[in-house]
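Here are a few notes to read alongside the structure. Take them in any order you like.

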Number of protein chains: 2
Amino acid sequence: MAAALTAPELTAQHRSTLDRALETIRTRAYWSPHPEHPKAYGEGGSLDLAAGKAAFDALLGTRLDLGQPGTDDWVGGEVSPYGVELGVTYPHADVDVLLPAMLAGRRAWRDAGPELRAMVCLEILRRIADRTHEFAHAVMHTSGQAFMMAFQAGGPHAQDRGLEAVAYAYAEQVRTPRTAEWTKPQGKRDPLVLTKEFTAVPRGIGLVVGCNTFPTWNGYPGLFASLATGNAVLVKPHPRAVLPLALTVRIAREVLGEAGFDPNLVALAAERPGEGIARTLATRPEIRIIDYTGSTEFGDWLEAHARQAQVYTEKAGVNTVIVESTGNYRGMLANLAFSLSLYSGQMCTTPQNLLVPRDGIATDQGPKSFDEVAADLAAAVDKLLGDDARATGILGAIVNPGVRQRLEDAAGLGEVALASRAIVHPEFPDATVRSPLIVKLDSAKPADEAACATECFGPVSFLVAVDSAEHAVELLRRSVREQGAMTVGAYTTDAGVEEAVREACLDEAAQLSLNLTGGVYVNQTAAFSDFHGSGGNPAANAALCDGAFVADRFRMVEIRREA
Amino acid sequence: MAAALTAPELTAQHRSTLDRALETIRTRAYWSPHPEHPKAYGEGGSLDLAAGKAAFDALLGTRLDLGQPGTDDWVGGEVSPYGVELGVTYPHADVDVLLPAMLAGRRAWRDAGPELRAMVCLEILRRIADRTHEFAHAVMHTSGQAFMMAFQAGGPHAQDRGLEAVAYAYAEQVRTPRTAEWTKPQGKRDPLVLTKEFTAVPRGIGLVVGCNTFPTWNGYPGLFASLATGNAVLVKPHPRAVLPLALTVRIAREVLGEAGFDPNLVALAAERPGEGIARTLATRPEIRIIDYTGSTEFGDWLEAHARQAQVYTEKAGVNTVIVESTGNYRGMLANLAFSLSLYSGQMCTTPQNLLVPRDGIATDQGPKSFDEVAADLAAAVDKLLGDDARATGILGAIVNPGVRQRLEDAAGLGEVALASRAIVHPEFPDATVRSPLIVKLDSAKPADEAACATECFGPVSFLVAVDSAEHAVELLRRSVREQGAMTVGAYTTDAGVEEAVREACLDEAAQLSLNLTGGVYVNQTAAFSDFHGSGGNPAANAALCDGAFVADRFRMVEIRREA
């Protein structure tokens, strides 16, 4: 069968996008081919708001048959954090059948070369982008994100991260030319002349272990980095967030098939409740790459046991913001209030420990005591979330009972500066919606220090009294070194403090946002420009996205002969 | 004290060399700034033959005081494979003192940035290159290589690999700009504008664990890759091959000091006999990168236990040459004879298993039976090594008693096609010089198959009878997958066989040399053009040199703020 999608067509459609992505990862300027506004969709084959909702609704209660080999059962059971039972079932795989089948098409995919692979990946991303409204509902009803966040973070921002990974993968593979002539002079004798051929070869199958909170955003970089470097990709979604990745796999399989490649190069591994299939898959010899986002415990297990694979992990961390002084007190409070509230703090990048000198801080509104900062921050959060409808649009829903329990327990850790309140979602009364809790701690008390030295994932932040700016920096260093951090923030007008924070972040490899008071938040990073994590502290062993994230997913094989 | 070497001076001297290296790793054409011929040296500060010998002789029996902190003893005891006691002693370090001292200068080295670090590395390499004659003797009298090989492989070729690593490290770090402006449109509202600063930060200390046979060639890539990416580097030489790396460390410390950096950024960790200090160092928290060449056993141990570090290993492998047919029988035999003889096969790249169909091969000289191939190859080796003086110039000396014992044992594994003979070195009568042993094996016999399924490091090759070309390719695949291989060779005039070998090498990630009959040998690779190892089979987890070899030695830290 002739391929429906030819290489020239794909190149004509996508090469300029790839070039722009390649240019932007060099300049780190702002760019995205994926509009953030829901109203931008609905033309040229993309679903508008109504069609996206209808497409999502049509999925509910259905069997998502991906046509995968080795399907021995149908599994499902996702319940939306908003209370809706999705009722979608997915193929359960006999991995002894599925894994070999995934490798069957590997040679043609390798021989396609870096450019055609990139073009196919971009076509997959384009079709995902066209269905952004449908994906937004799928992400919302698995992660508990509010619709607008599910739309943006689960849609264009995730697609951006996927494209970024494709661009890095392409750039890395074409650093070495396809062929070379090598002529070595030999004085008066004839030169030595060799012709050399270089081929980027895949490692095998990449396993993507998805997470509950950002199935697409955290899943796409590894998926597209492995696929673009010639590997097959097996996606093992979180059991509570299967749908967005199952839809992704379906589209990838469609595009691969239409472009003349084996659809089995991308497959889904859904699991039965409690099956723990990631552990089994991770140590299979066919699995040579693993991308994982989740608990430190399992991430560490993967790094220790999946020795046959390159393992890229994003694990737990403790994010710190140092609040030492500010020239824009209101802006700082508003910015922090939003950072703490967004998706009920269920982001790996949400600040947890806000370190504030116990003697207070200098601001453009005059000096503020520690307690004033606490009260003003609480008021800023209250103001942001005062209206229930607006609040639910920012908070979303609590993703699972574990987060809810952690939130309840945290209220007992210290003096509550801001109590968490339950909010009834106007549309989904069964959703668990909670505003952030802020607890005051004192770093001088060992129990308090212990409380803020572990990740408390969810809408919980600690306002921690510290002795001084120097003390804050010392605590920051120790925290990043021991617990890791995806983000660090700092507010200071003092050049010396800024320098000390900067040095701490450079020494401990933490990404730093300074004095954010406007519409950019410490917990958000932009593809093509910001690095997500550093890969240099315990929170993650890789950054999204850089050369190291892609360079070891393939190997360069050289075949040389005399000319 | 003002730096004696200023950045502008270094840049004026070395930037063009870096640019040429950067260009060549993209084209993979032939290039080297380091002449291969001994007579090319002796001008502009470089030592000529006599001065190099005198410099080496002056080292014998001396204490090489590197001025390192924490030196608590002096250790030594190298005995040249040529029988000379070197009598040089080196600092033994109290690592609790030395390691912290090595980190003291890390900030200035980080802040120097990628270009200045590269320039300093190139100055180190230039001073090493100026002393190539001295290094040649140091390499010869630790590795047992013959003088000309010690000169070339230990001198210009090693320097090339060091420069290549610097070029890759530089390129990787400057992929991200130092600063960026990021302006995100917000419709009718003001755009979001951030300024971003990106800094390549080191991981910590890189540990280079040197090997006995190629102290500089295998040591320089890791040393320079780690140093150029801002790390400190601790060099732990093989106890029998300290001198070449100690001289390297001395030069590096001199240059760092003259350029205004802390000399302790590079240090030596010599050890007492049997101390096994690599194991202790490898798991120290300060050690964040390890480069290792040596046994699979210790390489696997490092990968499993040095979990705080990025670990790059080159381990044992079994190299195969498939001999199926040839259009240049004499050329093939001469080429193979040299490959088997060079440095008595004590190279990780020397062919071990020569797979030959038991029914013989087609050649331009008519069909040759298996036994004829065996006899003709033996004759070719005999011819190459017929003159004792010429033979010792190719063979060098047996590096240690283990290799000698292995050679003696191997003669009992099967029918001997070519016996190894002892040769008296005209200049060094105490040297153990041995010509290669070639043993016939039959893949149909389980004992023979077992014999050729493990690395037999040294001047031992097996001529293995196989059923057919297909069978040979099947054995090749299995061998690369299970034992790994640094090199694969093949001789065939059959397009189908060539394609099958090619596919096997692409599938198993092995570097393939096809039909070499002239002056290029399967066991030699050229920097800037050939990859040494693939990093994709069990013989090595990294290739020299590619993006993956450097990309994770540093991390990129971003500091962003509102513009």
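**Notes on the model**

1. UniProt, in an unreviewed entry, puts the feature "domain: Aldehyde dehydrogenase" at residues 93–517 of chain A. Over that stretch the chain is 46% helix and 21% strand, helices (H or I, at least four residues) and strands (E, at least two) being DSSP runs. Its end C-alpha atoms sit 49 Å apart.

2. Before going on: this is a predicted model, where local features need pLDDT of at least 70 and side-chain atom pairs count only at pLDDT 80 or more, while totals for chains, interfaces and linings use all residues. Residues are numbered from 1 along each chain, chains are lettered from A in the order written, and side-chain values use heavy atoms, without hydrogens or water.

3. Have a look at helix H4 (residues 106–130) and helix H9 (residues 243–258) of chain A: they pack at about 130°, axes 10 Å apart. That makes H4(A) oblique to H9(A) (angles outside under 35, 65 to 115 and over 145 degrees).

4. Who meets whom there? A:Trp109, A:Val120 and A:Ile124 are among the H4(A) residues in contact (heavy atoms within 4.5 Å), and the H9(A) side includes A:Ile251, A:Ala252 and A:Val255. By class, this contact has eight nonpolar, one polar and four charged residues.

5. Now chain B: a rotation of 180° with 0.0 Å of shift along its axis lays chain B on chain A, RMSD 0.0 Å (least squares on C-alpha atoms with pLDDT of at least 70 in both). The two copies are thus related as by a two-fold rotation axis. In chain B, B:Ala548 comes closest to that axis, at 3.1 Å (C-alpha).

Key. Axes are lines fitted to C-alpha atoms, for helices over the stretch in contact, and angles run from 0 to 180 degrees between N-to-C directions. Ala, Val, Leu, Ile, Met, Phe, Trp, Tyr, Cys and Pro count as nonpolar, Asp, Glu, Lys and Arg as charged, and the others, Gly among them, as polar. UniProt positions are given in the numbering used here, feature names are shortened, and annotations may be inferred rather than shown by experiment.
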